Each structure stands twice: as structure tokens, then as C-alpha cells.
Amino acid sequence: MEWKSLIHKHTLACLAGGFVIGLAVCGVGSAAMSFSGSATFCGNACHAMQSEGWTFAESSHRNQECVECHLPHDNMAIYLIEKGRTGMVDTYHEVLRDYPAHIKLSAEGKKTVNANCLRCHKATVGKVHADIGVDMDSGGDCMKCHSSVAHGANHIERGIKVE
């Protein structure tokens with residue numbers, strides 16, 4: 001009988017406390033998600049990404065987050081799964097210190113970056129034909145000509161300033 005009355009007396013307080021804790025967890029999680037996709041995090045927290053961070057800071061895209069180019073934006077579930085997967089892979093290689101001297105995008109990474117170029121620059125490139133007869137919306141390759149835009153041509157020398 002005591003438990004019932006105790007629960008009944010404090011139900012509202014428990015619900016309010018749970019709501020506040022839930023809000024705090026969501027806020028901290030959201031801030032962590034945002035920060036972990038930023039150039040500050042990627043360029044400073046990760047030893048292997050320092051030159052990428054330096055070159056990115058000099059680029060015309062420096063006001064964007066790393067995840068704007070490097071993660072798929074088709075839907076939130078795929079975005080979160082890929083963020084978790086790439087974060088675990090990056091952490092694994094960072095801990096083992098086995099990144100190559102020059103980090104290169106995988107074939108899948110190139111597809112993601114290209115899709116994000118088209119997503120952001122759709123109005124600009126909608127009518128551009130990169131290959132004769134190939135509309136950019138149906139598979140043109142932005143990186144064929146613009147691979148050095150975000151990180152420069154020479155990663156060691158901090159890239160190029162494109163303005």
C-alpha cells in the first residue's frame with residue numbers, strides 16, 4: 001500500500017524529472033552530433049586529418065561542415081548509420097595510427113561527395129553537361145574537374161585558396 005501512495009504522490013514529479021532528463025540528453029546528443037561533424041573536430045581531434053583541416057580552412061567551402069560533403073543526405077536513418085560507421089572506422093584507424101600518408105576517398109565516398117555537390121549546387125549545374133550528352137543530374141562527375149575545391153591540390157602545402 002505504501003508504494004502505491006508514494007508513486008501516486010510523486011507521479012507528476014517523476015514525469016517532469018524524466019522530461020527534463022530527456023531534454024538534456026537530446027540537447028547534449030544534438031550538440032555532440034553537430035560538433036563531431038565540424039571541421040574543428042575533424043581537423044584537430046584526428047591526427048591523420050590535420051592537413052585536410054588546414055586545407056579545408058583555406059577553401060571556399062570553409063563555412064560548411066565536413067558532413068555536408070562526406071555523408072549521404074538521402075534520409076536521416078542512412079545519414080546516422082553512415083555517420084556511426086565512418087566514425088568507428090576513423091576512430092579505429094586513429095587509435096592504431098595506421099592512416100596512409102595521403103588519405104584518398106573510396107569509390108563510395110566519391111559517389112557521396114558528388115551527390116552532395118549536386119544537392120547543394122543543383123541550380124547552378126542543372127543544365128551543365130560534364131560529358132557530352134550527360135546531364136549532371138543523371139551521373140555527371142563533379143570531382144573530375146573540381147577535386148581540389150575543398151582540400152586543395154597539394155594537401156601537404158595546405159592546399160589552394162579559392163575565392
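From the N terminus on, the elements of the protein chain run α-α-α-α-α-α-α-β-β-α. That makes eight helices and two strands, where helices (H or I, at least four residues) and strands (E, at least two) are DSSP runs, numbered from the N terminus. The model is a predicted one, so to speak of local features takes a pLDDT of at least 70, side-chain atom pairs count only at pLDDT 80 or more, and totals for chains, interfaces and linings use all residues. Residues are numbered from 1 along each chain as its sequence is written, and side-chain values use heavy atoms, with hydrogens and water left out.

Taken as a whole, the protein chain has 163 residues, and 21% of them count as buried. Buried here means under 20% relative accessible area, exposed means over 50%, and partly exposed is what falls in between (1.4 Å probe, protein chains only). The accessible surface of the protein chain adds up to about 11700 Å², with 64% of that belonging to carbon and sulfur atoms; these areas come from the Shrake-Rupley method with a 1.4 Å probe, and for residues only the protein chains shown count as cover. As for contacts (heavy atoms within 4.5 Å), 62% of those between residues at least 6 apart in sequence join residues at least 24 apart.

Helix H6 is a good place to look in more detail. H6 has 14 residues and spans 20 Å from its first C-alpha to its last, close to the 20 Å expected at 1.5 Å a residue; that expected span is 1.5 Å times one less than the number of residues. Its buried residues are Gly-109, Thr-112, Val-113, Asn-114, Asn-116 and Leu-118, and they pack against helix H4 (66–70), helix H7 (122–125) and helix H8 (143–146).

One of these, Asn-116, sits in H6 (residues 107–120) and counts as buried because its relative accessibility is 4%. Leaving aside residues up to four places away in sequence, Asn-116 touches Glu-68, Cys-69, His-70, Leu-71 and His-73. Its side chain also reaches the backbone oxygen of Cys-69, at 2.9 Å. That fits the rule for a polar contact, a pair of N or O atoms within 3.5 Å; within protein, one must be able to donate a hydrogen and the other to accept it, and residues adjacent in sequence count only if both atoms are side-chain atoms.

Next come the charged pairs. Side chains of opposite charge can pair when their charged atoms come close. A salt bridge here is a side-chain nitrogen of Lys or Arg within 4 Å of a carboxyl oxygen of Asp or Glu, and by this rule the count comes to two. In one of them, Arg-119 pairs with Glu-68, with the closest N and O atoms 3.3 Å apart. Arg-119 lies in helix H6 and Glu-68 in helix H4, so the pair ties together parts that are 51 residues apart in sequence. Arg-119 is partly exposed at 35% relative accessible area, and Glu-68 is partly exposed too, at 23%.

The other salt bridge joins Arg-85 to Glu-82, whose closest N and O atoms are 2.6 Å apart. Both of these residues lie in helix H5 (residues 76–96), three residues apart, or about one turn of the helix. An α-helix has 3.6 residues a turn, so residues three or four places apart point the same way. Arg-85 is partly exposed, with a relative accessible area of 44%, and Glu-82 is partly exposed at 21%.

Elsewhere, Thr-40 has its place in helix H2 (residues 39–45) and is partly exposed, with a relative accessible area of 47%. Thr-40 and Ala-57 are 17 residues apart in sequence and 9.4 Å apart in space, C-alpha to C-alpha.
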